[in-house]
Amino acid sequence: MFVLDVGQVTAYLRDLLETDPVMSDVWVRGEVTSFFRSAAGHCYFTLSNHESQLKCALFRHQQRSLLILPKVGDAVIAHGHVSIYDSQGSYQLYVDNVAPEGTGLLQLQFEELRRRLEQEGLFDPSRKRPLPDIPQRIGVVTSAQGAVWHDICTVIERRFPIVELVLAPSKVQGPDAVKELVRGLHALLDEGSCDVIIIGRGGGSPEDLAPFNAETLARAIFAASVPIVSAVGHETDFTIADLVADVRAPTPSAAAELVVPSHYEIRNALAGTLKDLRAIVLEQIRESADALAFSVDRVQRRSPTRSVELAQASVASALDRAERAVEAGFMARTMALKDLQMQSELLNPIAVLNRGYAIVSESSTAKRVTGKAVAERAGQVSITFGDGSVNARIDKEENHE
Amino acid sequence: MTGATSEATFEQLLQELDETVRKLEDSELSLEDAIATYEKSVELAAACAEMLDNAELRIRQIDTRIGRLRNGIETELDAFEDDDEDDDPFE
């Protein structure tokens with residue numbers, strides 16, 4: 001037996017309620033039978049069902065995301081946790097979401113989770129990671145059966161066959177699907193060789209897609225160390241997994257298109273780069289060739305042709321001078337010779353003889369006879385004319401002067 | 001040409017030619033010496049002219065090479081630039 005005071009009972013019950021898996025996270029259906037809004041903006045209302053009533057509190061900060069506030073007479077479905085209100089000793093539902101009855105439960109759960117995760121920042125665009133340009137290895141979490149895996153393989157084979165594909169097979173619907181999807185994702189992440197992971201399934205009913213709205217999967221995707229591409233159903237389906245993934249692909253085929261480049265694109269990009277490179281190199285060669293041509297022009301303008309011409313002129317002029325000098329020397333000598341000839345001509349005695357003079361010499365001694373006495377003494381003389389000599393005898397002359 | 005002059009540069013030869021001619025012009029040489037000097041100057045002039053002929057020939061050859069070089073570069077560049085650039089280099 002325990003003896004407790006009131007506060008202890010309240011604390012015990014609150015603890016019980018707040019740790020209870022059903023009471024701590026529950027959807028409650030009922031009719032609003034009273035409604036009161038405090039000055040502080042908090043709402044208090046009662047949900048009734050036959051004879052039962054449940055007090056509900058909807059605080060102001062929870063109202064912001066609601067589309068409409070409930071009013072008396074509404075049939076609604078409310079989400080929240082049940083706890084104790086100490087001062088009144090009563091239990092009540094602390095509401096965080098309320099919507100008109102008839103809204104699907106799945107839809108409400110979806111909206112509630114979406115709101116919560118959004119507030120936590122799991123969908124923040126700033127944390128979305130870019131996909132690798134050229135992945136080496138792509139992980140896929142999906143069913144080994146069915147079209148999804150086949151579609152992804154087909155697209156990859158067509159677009160970028162050199163990439164490696166790894167499948168982590170998983171159920172994609174039913175009670176074990178969430179657990180298997182998370183396990184598959186973790187298996188690929190732990191293995192560590194994938195650059196990007198596609199997680200997805202084909203289209204289906206909202207119930208079929210439910211595993212992709214699970215909070216544990218959302219958190220696993222959020223915590224992943226590589227970019228995650230979600231590919232759930234067909235374009236119109238939108239899941240929590242889509243919101244938290246780094247990239248949302250409308251279909252599995254589209255996911256495969258997104259994660260690999262087309263090899264045609266790569267080829268075209270390479271061809272473009274090569275063309276640019278070629279143009280740059282050609283331009284450089286052209287510039288060098290122009291510079292070379294300019295230098296060659298300069299060299300040619302300074303070609304020694306002119307020097308050779310000048311040198312040729314020097315040689316020719318030297319030769320001319322030599323000729324003239326020799327000519328002059330020759331002329332001078334010729335003139336001198338002529339002068340001498342003329343002089344010797346004048347002195348030549350033969351020339352005198354030719355003019356009628358003769359030389360008389362003694363025959364015995366061949367001495368010139370220079371006077372009358374010598375001639376008389378000599379008796380015999382030789383008379384030489386221009387063309388020869390004759391002998392002559394000198395007669396003694398009797399003084400008949 | 002003697003061994004000594006075959007080693008000489010054109011400028012040395014030209015100088016020698018000039019000196020020889022000057023001797024011919026200025027000094028009173030004997031006829032024998034004048035003729036020998038004249039002969040020497042003609043030989044020197046011939047050696048100079050031969051060197052110049054060679055120089056001219058080499059310049060002409062160099063000009064031809066320059067022309068060929070320039071035409072070659074232009075032609076090859078043009079051929080490159082006219083290449084069909086739309087060819088897919090990967091085909």
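Where in chain A is His50(A) found? In this predicted model, His50(A) lies in the loop between β2 (43-49) and β3 (52-58) of chain A. The backbone of His50(A) takes a positive phi of about 55 degrees, although the residue is not a glycine. In general, most residues other than glycine have a negative phi. With a relative accessibility of 75%, His50(A) counts as exposed, because that value is over 50%. Ala366(A) is another non-glycine residue with a positive phi, in this case near 65 degrees, and its place is the loop between β11 (359-362) and α13 (372-378) of chain A. Ala366(A) is likewise exposed, with a relative accessible area of 58%.

These two loops belong to a chain that holds 13 helices and 13 strands. Of the 401 residues of chain A, 36% count as buried, and among the contacts in chain A between residues at least 6 apart in sequence, 59% join residues at least 24 apart. A loop residue on the buried side of the division is Ser170(A), which sits between β7 (164-169) and α5 (177-191) of chain A. Ser170(A) has a relative accessible area of 5% and is therefore classed as buried, the limit being under 20%. Leaving aside residues up to four places away in sequence, Ser170(A) touches Val141(A), Thr142(A) and Ser143(A), and also Ala177(A), Glu180(A) and Leu181(A).

From chain A alone the path leads to its packing against chain B, where helix α3 (residues 31-82) of chain B meets two helices of chain A. The axes of α10 (residues 263-301) of chain A and α3(B) come within 11 Å and cross at roughly 165 degrees. Because angles over 145 degrees count as roughly antiparallel, α10(A) and α3(B) are roughly antiparallel to each other, and their crossing is left-handed. On the side of α10(A), the contact includes Arg278(A), Leu282(A), Ile285(A), Arg286(A) and Ala289(A), while the residues of α3(B) that take part include Asp63(B), Ile66(B), Arg70(B), Ile73(B) and Glu74(B). Divided by class, the contact of α10(A) with α3(B) has ten nonpolar, one polar and eight charged residues.

Helix α11 (residues 305-347) of chain A also packs on α3(B), at an angle of about 165 degrees and with the two axes 10 Å apart. That angle makes α11(A) roughly antiparallel to α3(B), and this crossing, too, is left-handed. Among the residues of α11(A) in the contact are Thr305(A), Val308(A), Ala311(A), Gln312(A) and Val315(A), and among those of α3(B) are Leu31(B), Tyr38(B), Ser41(B), Val42(B) and Ala45(B). The residues of the contact of α11(A) with α3(B) divide into 14 nonpolar, three polar and four charged.

Which residue of chain A does Asp18(B) meet in a salt bridge? The partner is Arg321(A), with a distance of 2.9 Å from N to O. This pair crosses between chains, running from helix α2 (residues 10-26) of chain B to helix α11 of chain A. Asp18(B) is partly exposed, with a relative accessible area of 24%, whereas Arg321(A), at 18%, is buried. Helix α2 of chain B also contributes Glu16(B), whose side chain forms a salt bridge with that of Lys40(B) at 3.3 Å, N to O. The latter pair links parts of chain B that are 24 residues apart, with Lys40(B) placed in helix α3. Both ends are partly exposed, Glu16(B) at 24% relative accessibility and Lys40(B) at 39%.

Within chain A, the side chains of Asp86(A) and Arg14(A) meet in a salt bridge of 2.5 Å, N to O. The two residues are 72 residues apart, Asp86(A) being in the loop between β4 (75-85) and β5 (90-100) and Arg14(A) in helix α1 (residues 6-19). Asp86(A) counts as partly exposed at 42% relative accessibility, and Arg14(A) is partly exposed at 24%. Salt bridges in chain A also join into a network, which links Glu112(A), Arg116(A), Glu120(A), Glu215(A) and Arg219(A). A search of the whole structure, over all chains, finds 21 salt bridges.

Conventions: Residues are numbered from 1 along each chain as its sequence is written. Chains are lettered from A and ligands numbered from 1 in the order in which they are written. This is a predicted model: local features need pLDDT of at least 70, side-chain atom pairs count only at pLDDT 80 or more; totals for chains, interfaces and linings use all residues. Side-chain values use heavy atoms; hydrogens and water are left out. A salt bridge is a side-chain nitrogen of Lys or Arg within 4 Å of a carboxyl oxygen of Asp or Glu. Helices (H or I, at least four residues) and strands (E, at least two) are DSSP runs, numbered from the N terminus. Buried means under 20% relative accessible area, exposed over 50%, partly exposed in between (1.4 Å probe, protein chains only). Axes are lines fitted to C-alpha atoms, for helices over the stretch in contact, and angles run from 0 to 180 degrees between N-to-C directions. Angles under 35 degrees count as roughly parallel, over 145 as roughly antiparallel, 65 to 115 as roughly perpendicular and the rest as oblique. A crossing is left-handed if the near helix is turned anticlockwise from the far one by less than a right angle, and right-handed if clockwise. Contact means heavy atoms within 4.5 Å. Ala, Val, Leu, Ile, Met, Phe, Trp, Tyr, Cys and Pro count as nonpolar, Asp, Glu, Lys and Arg as charged, and the others, Gly among them, as polar.
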